[in-house]
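Here is a short tour of a pocket and of some aromatic contacts. Have the structure open while you read.

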Amino acid sequence: MSPRVVVCLALLGLAGLTACDRPADLDRPLDAQGPFALSHHVAWTLAADPAVALLQPATGRVTFAALSAAPRRVFPEPAGRGLLVIGTDGAASWIPADERGVGQAVRMPLTGDYTAVAFGPDAGRAVLYHAPGSSGGVLSNPNQIAILDLGGGAAIERSLRSFGGEPLGVVLGPPQAVAGADRQMAWVLAERYLSVLDLAAPTAREVVVHLTLAEDTRSIRPAQVVFGEVEGAATFFVRAEGSDDLFALTFPDDAPADEVPRPYLTQLPAGAGPSDVLALQVADGMRVFTADPGSATLSVIDPVTGRRVGVDAGARVSHLLPFRAQRADGEGEGWSALAWDDHGDTVVFVDLDLLERRRGRALTPLVLGAGVYDLQPLPGRRGAVARDARNCLLLLDFDARTATPLQAGRSLGAVRVDPGGDRIYATVVGDDSADYAVSVDVDTARVTAARLPASPGRLLLVPGAGRLVADHQAAWGWVSVLPLTDLDDDRVQVREGLLLQGAFDR
């Protein structure tokens, strides 16, 4: 019996119960939200019978994690290690998941109605806050935050001092030794200043760092914080809109573990109006890189000496996307970046290890025939994949200086890159109006395709499971699971009724 028939019979069976004496809960719709891609699972939230449903594509197993109330907001952890769900009861629930399965849900009651989250790099802690302009209610406090210990289940809510504004964003650094203690620094961005927190001491009073003098009337908005280590000391680099400088913050050698240490602030010269910043350990040591679109320049800054080297990019560049690739000097793998501008027709491959010494010779530009968007690097390779305004998928090879176009039939959907960098996946509506998942071998540009049973609402890459999942947007849960290899019709595993499993038991 086909999965479609099984689902139809199940739905008919549920409908046939309407005349029976049964719980009113069975009359409610599932109200599913998602799916959300994690490292080993695909997840949905269910509102009618509050729960998170998690499919592990590698095994086909579906697990349900109960929630205390219907979900209001859902935040997948960026590395795919779990899902944070804010319920209508105000509680935050953290559902961890990995290759072993789904862990025990951790519930943390809250009083604030938060709309945004920042996760730490190790997913041990998170900070909930109010995104700009999102506060509401009778009288709200946009400077209230909640510091969550995702492992231990503790939540501490507090208000930050404000100088007439609200948080523009929150950035969490890694747990590390800072000022003589093990700390995890968090930075709350606000107009003209930052608030510094130590998440290892969540009740300690924050430190405010002003980026302008009292008499300076410029509008300086911190927009980006990146982390590095300079001469063995943790250093944080801040890019601010309205300033041509970068702000480097370091900490004293020692400070009490239960207090937030006050950082030292120095300014480093960058280009004109930097729009992106990286801090990376390259062949010559820690270096800070900026994209300066106003002057079409890339800057390399030595944070120890303050020396800046400007390199003409040959085209306007506003974004830097770092990844690991083979170095041009044959010295193994190093840091590289893609530099480009929104919808521009030029993409520049930058060998960051060699940029300071070789300058323009460390750049490989490719000028394309149309504006580029959805640019993604191919990890480990001197290449990238992009989509352009002509509905083409472009394979960029910076060694050969070629851009191989692959023309979609009627339309090109989502594009995903295999973590190993040797394959690209996409959804396509073909000339026959059918929907397909396609796999492209990067070395040969060979395309294989598998026909999908319905239009994919989303194409999810589940790297830890080694699977693609095409979601068909059915209320009861309908997906196609595909391997990360060549594709054909026989390799499509259709799963229907995922969200109905155990409906009478929950």
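For residue classes, Ala, Val, Leu, Ile, Met, Phe, Trp, Tyr, Cys and Pro count as nonpolar, Asp, Glu, Lys and Arg as charged, and the others, Gly among them, as polar. By that scheme, 6 nonpolar, 4 polar and 5 charged residues line the second largest pocket. This is a predicted model, where local features need pLDDT of at least 70 and side-chain atom pairs pLDDT 80 or more, while totals for chains, interfaces and linings use all residues. Residues are numbered from 1 along each chain as its sequence is written, and side-chain values use heavy atoms, without hydrogens and water.

Now to the aromatic rings. Rings of Phe, Tyr and Trp (its six-membered ring) pair if their centres lie within 6.5 Å; planes under 30 degrees apart count as stacked, over 60 as edge-to-face and the rest as tilted. The count comes to 7 aromatic pairs, and two of them are set out here.

| Pair | Centre distance | Plane angle |
|---|---|---|
| Trp94 and Phe119 | 6.1 Å | 50° |
| Phe349 and Phe398 | 5.3 Å | 35° |

Trp94 and Phe119 are tilted, and both are buried (under 20% relative accessible area, with a 1.4 Å probe and protein chains only). Phe349 and Phe398 also form a tilted pair, and each of these two residues is buried.

Elsewhere, one aromatic cluster is formed by Trp187, Phe227, Phe236 and Phe251. Finally, the charged end of Arg324 sits over the ring of Trp335, 5.1 Å from its centre; the rule asks for CZ of Arg (or NZ of Lys) within 6 Å of the ring centre and within 35 degrees of the ring normal.

Notes. Buried < 20%, exposed > 50% of the residue type's maximum accessible area, 1.4 Å probe, protein only.
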